[in-house]
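Please open the structure in your viewer and keep the selection tool handy. We will walk through it together, one stop at a time.

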Amino acid sequence: MPRNVNKEVIKQADAADCPLPLTRLNTAECRSETLAENQKREVKTIPAPADFPGMRSVVTFYLCYLPCMCLGVACVACVSLWCSRWRGGFAWDGSARQFNWHPVLMVTGLLVLYGNGAVLYRIPLTWGQNKLPWKLLHAGVMLLALLFSVLGLCAVFDFHNAAQIPNLYSLHSWIGIATTALFAMQWLGGLVVFLLPCSTMSLRKLLKPFHVWMGASILSLSIVACISGINEKLFFVLKGSVNGSQPYSLLPPEARFGNFLGILIVAFGLAVLGILSNSKWQRPEPNTEGVAYRPLHQEEDE
């Protein structure tokens, strides 16, 4: 009698779980389908824990990137204000006003445009896009920065030649010309290796760490060249015997403004280097798990 009762209970339970005829095969299939549906429901109800840290990292990036952009704009505005208010404005006639193009173009090109081009791949907006347009934009911004830098060198060389001043005799000039030369080689190397289709994927992976390291090194040299140039110019023009100006040691308004400009340049450079050194803000690898954004085109990361 107890065995019959147990069989009846099992049949009723099977009938409740599965509306199909009570055969052994149908009962097994029904139980497996019910188990699979329950697992799917559990998977759907479990939130992806990696999305929250990813979104927090994106928000943190923009909280750092927006002040960095503001610092870059402030650097360009302040160097332009310094040359226009205290140094007599701008011209291209071989006079001292032509020299004023040199600091403006070098700060704009070799520092601000270069820094923004360097952090372009760190912007989360680029993570969910095809990489080729952003590579072209990166190359274009860097080319514009290089052209500004070369034009700034032309301005100072023309001024020196017109005023019969020797070229490339100071430490600032050595650092500046070396930085521009490295920048030109870096851009040409990046064009050949990472943009043109003539290079292999293995070569790109091999040279990518060196390309990134060289980019950060050039930015560091740019900071040194800019602040040393500002200090050198202030020493030359604030001697206390030129146009009744006060000596640099007394820290007149122009000297204080020049020092403030140097601090802005250092702050901008450190902000860019900080963004570049944060591994959480690197463009995700194609098969990376646990990131908030993933490339739409699963191309091999270069």
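Here is a short tour, from the whole chain down to single residues.

**The whole chain**

Start with everything shown as a cartoon, and keep in mind that this is a predicted model. The protein has 9 helices and 0 strands, so the pattern along the sequence reads α-α-α-α-α-α-α-α-α. Colour by burial next: of the 302 residues, 38% count as buried. Among the contacts with a separation of 6 or more, 69% join residues that are 24 or more positions apart.

**The nonpolar core**

Now select Trp82, Val107, Leu111, Phe183 and Ile265. Within the largest nonpolar core, which has 49 residues, these five touch the most other members. To see where the core comes from, highlight helices α3, α5 (101–118), α6 (131–162), α7 (171–195), α8 (201–237) and α9 (253–277), as each of them supplies at least two of the core's residues. In soluble globular proteins, nonpolar side chains tend to be buried together.

Zoom in on Leu111. Which residues is Leu111 in contact with, leaving aside its neighbours within four places in sequence? Show Met106, Leu219, Ile223, Cys226, Ile265 and Phe268, and you have the answer. Ile265 should look familiar, being one of the five residues you selected at the start of this stop.

**A pocket to look into**

Next, turn on the surface and look for the second largest pocket, with a volume of about 590 Å³. Select Phe99, His102, Val156, His172 and Glu232: of the 28 residues that line this pocket, these are the closest to its centre. Helices α5, α6, α7 and α8 each give two or more residues to the lining. Which helix gives the largest share of that lining? It is α8, with 7 residues. Colour the lining by residue type and you should find 18 nonpolar, 8 polar and 2 charged residues.

**Two salt bridges**

The structure holds 2 salt bridges. For one of them, show the side chains of Arg87 and Glu254, which meet with N and O 2.9 Å apart. This pair links distant parts of the chain: Arg87 sits in the loop between α3 and α4 (96–99), while Glu254 belongs to helix α9, 167 residues apart. Are the two partners buried or exposed to some degree? Glu254 has 5% relative accessibility and therefore counts as buried, whereas Arg87, at 24%, counts as partly exposed.

For the other bridge, select Arg97 and Asp93, whose closest N and O atoms are 3.6 Å apart. Arg97 is partly exposed, with a relative accessible area of 38%. Asp93 is also partly exposed, at 48%.

**Two last stops**

Select Ser57 in helix α3, which spans residues 51–85. Why does Ser57 count as buried? Its relative accessibility is 14%, and buried means under 20%. Leaving aside its neighbours within four places in sequence, Ser57 is in contact with Lys280 and Trp281, so add those two to your selection.

Finish at Lys205 in helix α8. Lys205 has 48% relative accessibility and so counts as partly exposed. Draw a distance from its C-alpha atom to that of Phe194, 11 residues away along the chain: the separation is 9.5 Å.

Terms used:
Residues numbered from 1 in each chain as written. Predicted model: local features only at pLDDT ≥ 70, side-chain atom pairs only at ≥ 80, totals over all residues. Heavy atoms only, no water. Helix = DSSP H or I, 4+ residues; strand = E, 2+ residues; numbered from the N terminus. Buried < 20%, exposed > 50% of the residue type's maximum accessible area, 1.4 Å probe, protein only. Contact = heavy atoms within 4.5 Å. Core = buried A, V, L, I, M, F, W, Y, C linked by side-chain atoms within 4.5 Å. 1 Å grid on protein atoms, 1.4 Å probe; cavity = no way out; pocket = protein on both sides within 12 Å on 5 of 7 lines; lining within 4 Å. Points joined across faces, edges and corners; volume = space filled by probe spheres on them. Nonpolar A, V, L, I, M, F, W, Y, C, P; charged D, E, K, R; others polar. Salt bridge = Lys/Arg side-chain N within 4 Å of Asp/Glu carboxyl O.
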